Structure formats: C-alpha cells, structure tokens
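Here are my notes on the model you sent over. I've kept them as numbered points so you can check each one against the viewer.

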Amino acid sequence: MSDKIKNENIENKEKETKKENPKKVKQCEVVTNLEYLDPEKADKILKEKHSKGIIIKYVYCIHNKDTYTLEDEKKNPANKEGTKKNDHIHIFIKLDEARTPADIAKWFGLAENTIQFLKQRIYDKACLYVIHANAPEKYQYSVDEAVASVGFDFKAVVEEAQKNYIREK
C-alpha cells in the first residue's frame with residue numbers, strides 16, 4: 001500500500017472518530033452579535049439551565065462600546081481602527097458535565113462556531129474578559145453591567161483579581 005493511501009486512510013479514520021466522539025466542553029464562552037441572540041432570550045435560557053443544575057454558573061455582558069483595534073484592522077482592512085463594533089454579547093458558562101458545542105449552540109438557536117473553548121483553564125480568571133478586566137487595552141465595562149447567576153459573586157471575583165494585579169505590580 002502506498003504512503004498516500006495509508007495517509008488518506010488515517011485521515012478518514014480521524015474524521016470518523018471526530019464525528020463519533022466530538023470534542024466536549026465543561027466550560028465555554030458564547031459570543032454572538034445581538035442580531036442573532038436577544039439578551040432577554042439568553043437570560044431566560046441561562047436561568048432555566050441553571051435552575052436545573054445543567055449550568056453551574058454563568059456571567060454575561062452586552063458589549064455595545066467596543067471599537068476595532070489596529071490589530072483588527074491589520075487582520076481585516078474593512079475593520080477600521082476606532083470604528084465601533086456591532087453590539088454583541090459574551091456569555092461565560094460552567095457546566096455540570098461536558099457537552100458538545102453543538103448541544104450548547106442549540107440551546108440558544110445559534111451556529112456551533114459561536115461556542116468557544118476557554119483559553120484560560122480557570123473559569124473565574126477566564127470570565128474576567130466579560131467586562132475586559134483582563135484586557136486593559138479594550139473598553140472597560142463596569143462590573144455592574146455584567147449579569148451573573150444566582151450564587152456566583154462575580155463582583156468579588158473581579159475585586160480579588162484587581163487586588164492580585166496590584167500585588168503583582
């Protein structure tokens with residue numbers, strides 16, 4: 001058997017395995033423009049899943065003051081630096097058990113590509129981005145603009161992160 005045929009067989013098996021065992025997440029971020037997800041609908045879904053224990057905790061914030069950066073413009077010249085971005089929502093979710101991005105996307109009626117794996121493994125650190133607390137070059141949303149699940153003291157998470165940042169300086 002030629003190397004080319006062996007490689008094709010391996011690639012086909014890998015594709016089949018991915019279809020049979022899609023990657024699952026236990027924590028994720030949902031990002032989408034508000035034209036695709038009404039914040040009231042999102043809030044209702046989050047509260048329902050949280051009350052059933054499917055979602056352990058969540059926090060979200062509507063981003064309506066973000067502007068494109070020079071880096072954004074370099075990636076896509078149509079996104080001129082300083083121009084306002086479309087209004088969008090960031091939702092950080094911690095789940096009771098691992099689920100596929102497709103399953104989570106279905107809850108909100110969104111495309112699967114709106115569900116992102118968290119780059120930061122520690123949920124409380126990752127969700128700081130919901131108000132850009134860990135991205136000082138971006139517009140800083142108030143902690144009061146964020147909506148967190150019952151029992152999740154997001155304000156305390158932000159305050160602790162700020163204390164640690166001051167100590168590290």
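1. Let's start with a ring and a charge: the charged end of which residue sits over the ring of phenylalanine 117? The residue to click on is lysine 23, with its charged end 5.9 Å from the ring centre. Before you read on, keep in mind that this is a predicted model.

2. Now the strands. E3 (residues 88–99) has E1 (residues 25–33) as an antiparallel partner, and eight bridges join the two. To find the register, look at glutamine 27, whose bridge partner in E3 is lysine 94. E3 also pairs with E2 (residues 55–63), again in the antiparallel sense and over eight bridges. For that pairing, a handy marker is histidine 63, which has histidine 88 of E3 as its bridge partner.

3. Glutamate 29 deserves a look of its own. This residue is in strand E1, and it is buried yet has no salt bridge. How far away is the nearest side chain of opposite charge? That side chain belongs to lysine 119, and the distance is 6.1 Å. A salt bridge would need a nitrogen within 4 Å of a carboxyl oxygen, so lysine 119 at 6.1 Å doesn't make one with glutamate 29. What the glutamate 29 side chain does have is a polar contact with the side chain of histidine 90, at 2.5 Å.

4. On salt bridges overall, the count is nine. One of them joins the side chains of glutamate 145 and lysine 65, with N to O at 3.3 Å. This pair links distant parts of the chain, the two residues being 80 residues apart. Glutamate 145 is in the loop between helix H5 (123–126) and strand E5 (147–148), while lysine 65 is in the loop between E2 and helix H3 (70–75). Are these two buried or exposed? Neither label fits: glutamate 145 is partly exposed because its relative accessible area is 31%, and lysine 65 counts as partly exposed at 34%.

5. Two other salt bridges to put on your list. Lysine 84 forms one with aspartate 87, and the closest N and O atoms there are 2.5 Å apart. Lysine 84 is partly exposed, at 45% relative accessible area, and aspartate 87 is partly exposed too, at 32%. The side chains of aspartate 96 and arginine 99 meet in another, at 3.0 Å from N to O. Here the partners get separate labels: aspartate 96 is partly exposed at 30% relative accessibility, whereas arginine 99 counts as buried at 18%.

6. Last, the aromatics. The structure holds five aromatic pairs. In one of these, tyrosine 139 and tyrosine 141 meet edge-to-face, 4.7 Å centre to centre and with 70 degrees between the planes. Tyrosine 139 is partly exposed at 36% relative accessibility, but tyrosine 141 is buried at 4%. Why is the pair of phenylalanine 152 and phenylalanine 154 called edge-to-face? Their ring centres are 6.1 Å apart and their planes are at 65 degrees, so that is the label the pair gets. Both phenylalanine 152 and phenylalanine 154 are buried. Together with Tyr123, Phe152 and Phe154 form one aromatic cluster.

Terms used:
Residues numbered from 1 in each chain as written. Heavy atoms only, no water. Pairing = 2+ DSSP bridges. Helix = DSSP H or I, 4+ residues; strand = E, 2+ residues; numbered from the N terminus. Phe/Tyr/Trp six-rings, centres within 6.5 Å; stacked < 30°, edge-to-face > 60°. Buried < 20%, exposed > 50% of the residue type's maximum accessible area, 1.4 Å probe, protein only. Lys NZ or Arg CZ within 6 Å of the ring centre and 35° of its normal. Lys, Arg positive; Asp, Glu negative; His and termini not counted. Polar contact = N/O pair within 3.5 Å; in protein donor to acceptor, adjacent residues only side chain to side chain.
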